[in-house]
Amino acid sequence: MAIWGEIKQSYKEGSYLTRLLYINVAVFIVVSIAILICTLSAVRTAWIQYVMMPASGWQFLHQPWSIITYMFLHTSIIHLIFNVLALYWFGKFFLNYYSQKQLTSLYIIGGIFGALVYMLGYNVFPYFIPMSGSSYLLGASASVMAILFAPVVTDPNREIRLALIGNIKLKYLGLAFLLIDLLGIGATNPGGSMAHIGGAIAGCIFALMLNKKSVDICSPINTIIGWFSRISFRGMHKPKMTARPGGKATDAEWNQYNNETRKNNNARIDEILDKIKKSGYAALSEEEKKELFDISHK
């Protein structure tokens, strides 16, 4: 099918942010179809709990994979749309300061922190302890919060423009989100609010460690992702692009050319990010800021 081929090509050639968006949407579609089939067949859908993050520590021991799977899982179209839009918008902003690999790794780290804070809250606060056996967490919100709060710590006085509000500094936007989630712990979605706070903590730790100590907490995740990528694409190296006078480049040659261009852009981004690590974002020239912005949005 032509459409399916285009989707696969778009995923393969897309940025890390694009791939995260695709994965979230794809998981939603697959899970929704599975739930529909079970419903029409009068089959129970209790299986979905095994990919959600449980509040019970004992139950988590029986499904440890859920600390990863839950952050890609949505069962409501409204929940999915909200998180995908937030991930896209904050992800684009994140890439003004950090690399695409760090985006993916922080997404995972933020989700893990969110899950741990959620589980901790339900097993520490007496009010929530009776509910811990039947409470589950799902969605990308904690990961999105981590991606938002890294730039908040790195460039707190940076102004962004919001519809109906106008210009607002990042630090005030972050503070508003934190206050909403702190108040939300006593509202209808306490688990989600706890997870959001956990994600925000992860984003803050990532930015502080990188900016102050030059320690990238995303490195271990990057290594793991790279290891899986090498296994997945082993043996799929393309031939080098060669000039053929009087003829057009083949698809393989153009793909190789695009890959080399992408590598050069990534190398330039890493060079600018190294400067940010050593001297801070403010040390960049206007030309370097523009270059970082332009390359990260290609």
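The buried residues of helix H2 pack against two other helices, H5 (77-94) and H6 (100-124). In this predicted model, H2 covers residues 16-40, and its buried positions are Leu17, Leu20, Leu21, Asn24, Phe28, Val31 and Cys38. An α-helix has 3.6 residues a turn, so residues three or four places apart point the same way. Among the buried residues of H2 are Leu17, Leu20, Leu21 and Asn24.

Helix H2 has 25 residues. From its first C-alpha to its last it reaches 36 Å, close to the 36 Å expected at 1.5 Å a residue. Ala42 follows H2, and the phi of Ala42 is positive, near 60 degrees.

Further along the chain is helix H7, residues 141-154. H7 has 14 residues and spans 21 Å between its first and last C-alpha, close to the expected 20 Å. This helix is mostly covered, with 13 of its 14 residues buried.

H7 packs with helix H8, residues 170-184. Their axes lie 9 Å apart, at an angle of about 140 degrees. Angles over 145 degrees would count as roughly antiparallel, and H7 and H8 are therefore oblique to each other. Their crossing is left-handed. On the H7 side, the contact is made by Met145, Leu148, Phe149, Pro151 and Val152. H8 contributes Leu170, Lys171, Leu173, Gly174, Phe177, Leu178 and Asp181. Of the residues in this contact, nine are nonpolar, one is polar and two are charged.

Methods. Residues are numbered from 1 along each chain as its sequence is written. This is a predicted model: local features need pLDDT of at least 70, side-chain atom pairs count only at pLDDT 80 or more; totals for chains, interfaces and linings use all residues. Side-chain values use heavy atoms; hydrogens and water are left out. Axes are lines fitted to C-alpha atoms, for helices over the stretch in contact, and angles run from 0 to 180 degrees between N-to-C directions. Helices (H or I, at least four residues) and strands (E, at least two) are DSSP runs, numbered from the N terminus. Angles under 35 degrees count as roughly parallel, over 145 as roughly antiparallel, 65 to 115 as roughly perpendicular and the rest as oblique. A crossing is left-handed if the near helix is turned anticlockwise from the far one by less than a right angle, and right-handed if clockwise. Contact means heavy atoms within 4.5 Å. Ala, Val, Leu, Ile, Met, Phe, Trp, Tyr, Cys and Pro count as nonpolar, Asp, Glu, Lys and Arg as charged, and the others, Gly among them, as polar. The expected span of a helix is 1.5 Å times one less than its number of residues. Buried means under 20% relative accessible area, exposed over 50%, partly exposed in between (1.4 Å probe, protein chains only).
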